[in-house]
Amino acid sequence: MIEDKNPQRTPLENLGEFGLIGHLTKNFDIKHSSTVKSIGDDAAVLDFNNNKQIVVTTDLLIENVHFDLSYVPLKHLGYKAVIVNLSDVYAMNAKATQITVSVAVSNRFPLEALEDLYAGIETAAKIYNIDVVGGDTTSSTTGLIISVTAIGEVAKEDVVLRSGAKANDLVVVSGDIGAAYMGLQILEREKEVFKVNPQSQPDLSMYTYIIERQLKPEARKDIVALLQKLEVKPTSMIDISDGLSSEIIHICKQSDVGVELYETKIPLDPQVISTCEEFKIDSTT
């Protein structure tokens with residue numbers, strides 16, 4: 001008996017746009033009282049108290065620019081697409097409450113591939129307690145494109161901007177940095193090895209942490225809660241997914257201040273340091 005190497009693939013045209021949206025979003029449930037009307041109308045309806053301010057942010061992820069599907073599982077990609085937006089909400093010292101998700105997809109993707117993508121989105125929504133309230137799907141001739149918009153709420157007196165930093169403030173990061181970049185170096189290296197020898201199966205067990213930081217990052221929702229518990233309001237906050245050096249410049253420009261960073265104080269995981277040595281990359285860089 002010959003094993004079927006190709007599991008069932010359902011062409012998207014079998015469902016049509018509205019059937020596809022209904023199929024992919026049927027498991028999204030509502031968690032916030034601010035969500036009055038979710039998916040299914042011309043627009044979502046949200047109702048926030050007057051003493052709250054709304055924060056809105058959006059990110060675009062494009063295949064072969066922001067991700068490579070040769071080593072990025074679609075479920076991880078769906079999860080990450082949500083997380084990178086929530087991180088920007090938390091960087092405003094705000095609580096994320098809703099997202100919209102738009103996807104442009106080419107005909108090389110069957111329904112099952114999009115089910116995997118949306119399973120990752122659903123997992124992120126459950127873990128971070130947010131409502132998926134809308135979005136769009138359309139066709140693409142250039143591969144997969146994902147756009148997520150995140151919405152959050154914050155009390156007027158609690159919002160934190162990039163422009164609030166003052167002289168003698170302390171610069172603090174919420175965790176170790178550089179791991180996602182080094183995880184990407186490992187994945188790119190193994191992709192090149194695979195091109196030469198498609199039978200090779202890499203042993204990545206010694207790189208687990210940095211690869212997870214690249215494929216399945218987490219947003220620091222816990223920091224917002226911790227700061228509130230400690231009754232600490234930072235003067236300035238920023239998401240540093242683009243790197244410490246470029247992001248600290250944003251704060252300096254917005255706040256009209258300078259900064260001193262101490263190389264010995266930059267928090268690096270031992271796996272980052274050892275992988276930098278392996279690639280002959282300076283770990284501070």
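**Angles, strands and exposure**

User: Why are H4 and H8 called oblique to each other?

Analyst: Happy to walk through it; this is a predicted model, by the way. The axes of H4 (residues 179–196) and H8 (residues 270–279) cross at roughly 45° and come within 10 Å. Roughly parallel would need an angle under 35 degrees, and roughly perpendicular begins at 65. An angle of roughly 45° falls in neither range, so H4 and H8 are oblique to each other.

User: Which residues make the contact of H4 and H8?

Analyst: On H4 they are Ala179, Met182, Gln185, Ile186 and Arg189, and on H8 they are Val272, Thr275, Cys276, Glu278 and Phe279. Sorted by class, that gives six nonpolar, two polar and two charged residues. As for handedness, H4 passes H8 in a left-handed crossing.

User: What makes H2 and H3 oblique to each other?

Analyst: The same kind of check applies. H2 (residues 74–90) and H3 pack at an angle of about 40°, their axes being 7 Å apart. Angles under 35 degrees count as roughly parallel and those from 65 to 115 as roughly perpendicular; the pair at about 40° is therefore oblique. H2 and H3 cross in a right-handed manner. From H2, the contact takes in Leu74, Lys75, Leu77, Gly78, Tyr79, Val82 and Ile83. From H3, Ala113, Asp116, Leu117, Ala119, Gly120, Ile121, Thr123, Ala124 and Ile127 take part. By class, eleven are nonpolar, three polar and two charged.

User: What makes E3 and E5 stand at the edges of the sheet?

Analyst: The open sheet has four strands in the order E3-E6-E4-E5, with mixed pairing. E3 (52–62) and E5 (131–139) each have a single partner strand, so each has one side without a neighbour in the sheet. On average, neighbouring strands are turned by 15° against each other, with direction ignored.

User: How do you know that E3 pairs with E6?

Analyst: A pair of strands needs at least two bridges, and eleven bridges join E3 to E6 (residues 145–155). These two strands run antiparallel. You can follow the register in the structure above: Ile54 has Glu153 of E6 as its bridge partner, and Val56 stands opposite Ile151 in E6. E4 passes the test too, since nine bridges join E4 to E6, again antiparallel. There, Ala96 has Gly152 of E6 as its bridge partner.

User: What makes E6 mostly covered?

Analyst: Eight of the eleven residues of E6 are buried, where buried means under 20% relative accessible area. Helix H3 (residues 111–127) lies across E6, as well as across E4 (95–105) and E5.

User: How does H3 run relative to E4?

Analyst: H3 runs at about 175° to E4. Angles over 145 degrees count as roughly antiparallel, and about 175° is therefore in that range.

User: Why is Asp256 called exposed?

Analyst: The cut-off for exposed is over 50% relative accessible area. Asp256 has 72%, so it counts as exposed. Asp256 sits in the loop between H7 and H8, and its phi is near 60°, a positive value in a residue other than glycine. Most residues other than glycine have a negative phi.

User: What makes Lys280 exposed?

Analyst: The relative accessible area of Lys280 is 76%, which means it is over the 50% mark. Lys280 belongs to the segment after H8, and its phi, near 55°, is also positive.

User: Why is Lys191 only partly exposed?

Analyst: Lys191, in helix H4, has 22% relative accessibility. Buried means under 20% and exposed over 50%, so Lys191 at 22% lies in between and counts as partly exposed. Leaving aside neighbours within four places in sequence, Lys191 is in contact with Asp68, Ser70 and Tyr71.

User: And how do you know that Ile240 is partly exposed?

Analyst: Its relative accessible area is 26%. With the limits at 20% and 50%, Ile240 is therefore partly exposed. Ile240 is in the loop between H6 (221–230) and H7 (244–255). Not counting residues up to four places away in sequence, Ile240 touches Val173, Ile177 and Glu247.

Methods: Residues are numbered from 1 along each chain as its sequence is written. This is a predicted model: local features need pLDDT of at least 70, side-chain atom pairs count only at pLDDT 80 or more; totals for chains, interfaces and linings use all residues. Side-chain values use heavy atoms; hydrogens and water are left out. Axes are lines fitted to C-alpha atoms, for helices over the stretch in contact, and angles run from 0 to 180 degrees between N-to-C directions. A crossing is left-handed if the near helix is turned anticlockwise from the far one by less than a right angle, and right-handed if clockwise. Contact means heavy atoms within 4.5 Å. Ala, Val, Leu, Ile, Met, Phe, Trp, Tyr, Cys and Pro count as nonpolar, Asp, Glu, Lys and Arg as charged, and the others, Gly among them, as polar. Buried means under 20% relative accessible area, exposed over 50%, partly exposed in between (1.4 Å probe, protein chains only).
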